[in-house]
Amino acid sequence: MEASQDFARAEQPRLEAPALKRINILGVTGTIGQNTLDLIARDPDAYQLGAITAHRNVADLASAARQFKAELAVIADPSLYKELKAALAGSATQVAAGPSGMVEAGAHPAEWTMGAIVGIAGLKPTLAAVQQGHCVALANKECLVSAGEVFMQQVAAHDTVLLPVDSEHAAVFQAIGANPSSAIEKITLTASGGPFRRLSKDEMKEVTPRQALQHPNWSMGRKITIDSATMMNKGLELIEAYHLFPVEPEQLDVIIHPQSIVHCLVEFTDRSVLAQMSSPDMRTPIAFALGWPQRIEAPTKPLDLIELARLDFEAPDLDRFPALRLAREVLKLGGGAPAVMNAANEIAVAAFLAGEIGFLAITALCEQTLEAMMQLSALPAPQTLDDVFRIDQAARRLAREELPRFAI
Ligand code: MG
């Protein structure tokens, strides 16, 4: 009897259409944006694409807008407005451009927004998304590193659910679960160690941008791949973790784990340690954020521990990777220091990629800029976005002035 009743229930017509999730993707043409589209394309009936944005890549922006019938497409560079308009002629997608268009995209009504714009340009559009008071999946680092206090105040004020997309932070979010802050003893982020994990400092002096762009495990954009090679990426992630989770700087740690399978370790007061594991593929943390609070399917390679056979862990070498040491100091300094380090690092990475400075000079320039800035002012914590932009601009100017001292 039971079975036939179940069968009858299964045959009932569906009374309600499946809920459609309205989503925006800020930064749709980068690695995170494209991986988000990849997940949506696997279940197109579940999502309605609202606003999507790109920096300068008109072709990919227009093709995403057409394929997913986006309501609004915004190009950050206003000189490309006409080109985008022409590329979307005859479609129902609205077109906008420039800084105001980018903020309009962030404010476009949506239940879920992917904040994946690279750099300081992501601040205002992502804040506009936060102010909607729904769900923001965050991949942009500057929101937390440069504008941490200002950004998190807005998240709290609008009761926004902030879902970290960075693999380590998505892992910590899952491992903490419903535990209160008083139960957390320590959060450890894992780091692959990048392509130069085994190089001596002398060898690192000579590495080229081409070598630094070869990440052993992850496929990512150029800036973050260089940041992984210097380990500045892990330093920035420590600062992000400090803002995302209820811990003090001393409760945050980094451990080298070359296989990038374990993404975090959260130790609780009872000495239980919860780790999150998955194959290194950004579609898993993105799927976690996209499906939250449910789980959805991701096309990631299933984890096979027998095939992997071993997982290795070692302490990071702060002498060979001084960016990690600098980031720890900056985290303790707080105030405007993280914004300065981040701005100087962007200038330094661009100069390294352009062949103007050597690999070791990247962190040296960050340290030099920070010292110069601290001599000029006390670097109090920015209270507004304008404060953040002022500190960022000043740090960039100083870093550019210091640059010739590090020239090859
Ligand atoms: Mg990461």
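**Entry 1. Backbone outliers**

I began with Asp159, which sits in the loop between helix 8 (148-157) and strand 7 (161-164). The model is a predicted one, and I read the backbone angles with that in mind. Asp159 is not a glycine, yet its phi is positive, at about 55°. I noted for reference that most residues other than glycine have a negative phi, and that most peptide bonds are trans.

I then looked up the peptide bond between Trp292 and Pro293 and found it cis, with omega about 5°. Pro293 belongs to the loop between helix 14 (283-291) and helix 15 (305-308).

**Entry 2. The largest pocket**

Next I turned to the pockets. The largest pocket has a volume of about 710 Å³. I counted 40 residues in its lining, and those closest to the centre are Ala139, Lys141, Met220, Ile224 and Asn233.

Which domains contribute to this lining? Domain 1 (2-168) and domain 2 (175-279) each give at least three residues to the lining of the largest pocket. I also checked the secondary structure elements. At least two lining residues come from each of helix 2 (31-41), helix 9 (167-176), strand 8 (184-191), helix 12 (222-230), helix 13 (232-244) and strand 10 (262-268). By class, I have 14 nonpolar, 15 polar and eleven charged residues in the lining of the largest pocket.

**Entry 3. The second largest pocket**

The second largest pocket comes to about 450 Å³ in volume. Its lining holds 18 residues, with His55, Ile117, Val118, Gly119 and Ala121 nearest the centre. I sorted the lining of the second largest pocket into eight nonpolar, seven polar and three charged residues.

**Entry 4. The four-stranded sheet**

Strand 8 and strand 10, both noted in the lining of the largest pocket, led me to their sheet. It is an open sheet of four strands in the order 9-8-10-11, with mixed pairing. Why do strand 9 (252-256) and strand 11 (273-277) each have one side without a neighbour in the sheet? They stand at the edges, and each has a single partner strand, so one side of each stays unpaired in the sheet. From one strand to the next, I read an average twist of 20°.

Strand 8 and strand 10 are antiparallel to each other and share five bridges. In one of the pairs I looked up, Ile184 has Phe268 of strand 10 as its bridge partner. Helix 9 packs on this sheet and touches strand 8, strand 10 and strand 11. I recorded about 35° between the direction of helix 9 and that of strand 10. Helix 9 is also among the elements that supply lining residues to the largest pocket.

Conventions
Residues are numbered from 1 along each chain as its sequence is written. This is a predicted model: local features need pLDDT of at least 70, side-chain atom pairs count only at pLDDT 80 or more; totals for chains, interfaces and linings use all residues. Side-chain values use heavy atoms; hydrogens and water are left out. On a 1 Å grid over the protein atoms alone, a cavity is a set of points where a 1.4 Å probe fits but cannot get out, and a pocket is an open set with protein on both sides within 12 Å along at least five of seven lines; lining residues have an atom within 4 Å of a point. Grid points are joined across faces, edges and corners, and a volume is the space filled by probe spheres set on the points. Ala, Val, Leu, Ile, Met, Phe, Trp, Tyr, Cys and Pro count as nonpolar, Asp, Glu, Lys and Arg as charged, and the others, Gly among them, as polar. Domain bounds come from an automatic or database domain assignment. Two strands pair if DSSP finds at least two bridges between them. Axes are lines fitted to C-alpha atoms, for helices over the stretch in contact, and angles run from 0 to 180 degrees between N-to-C directions. Contact means heavy atoms within 4.5 Å.
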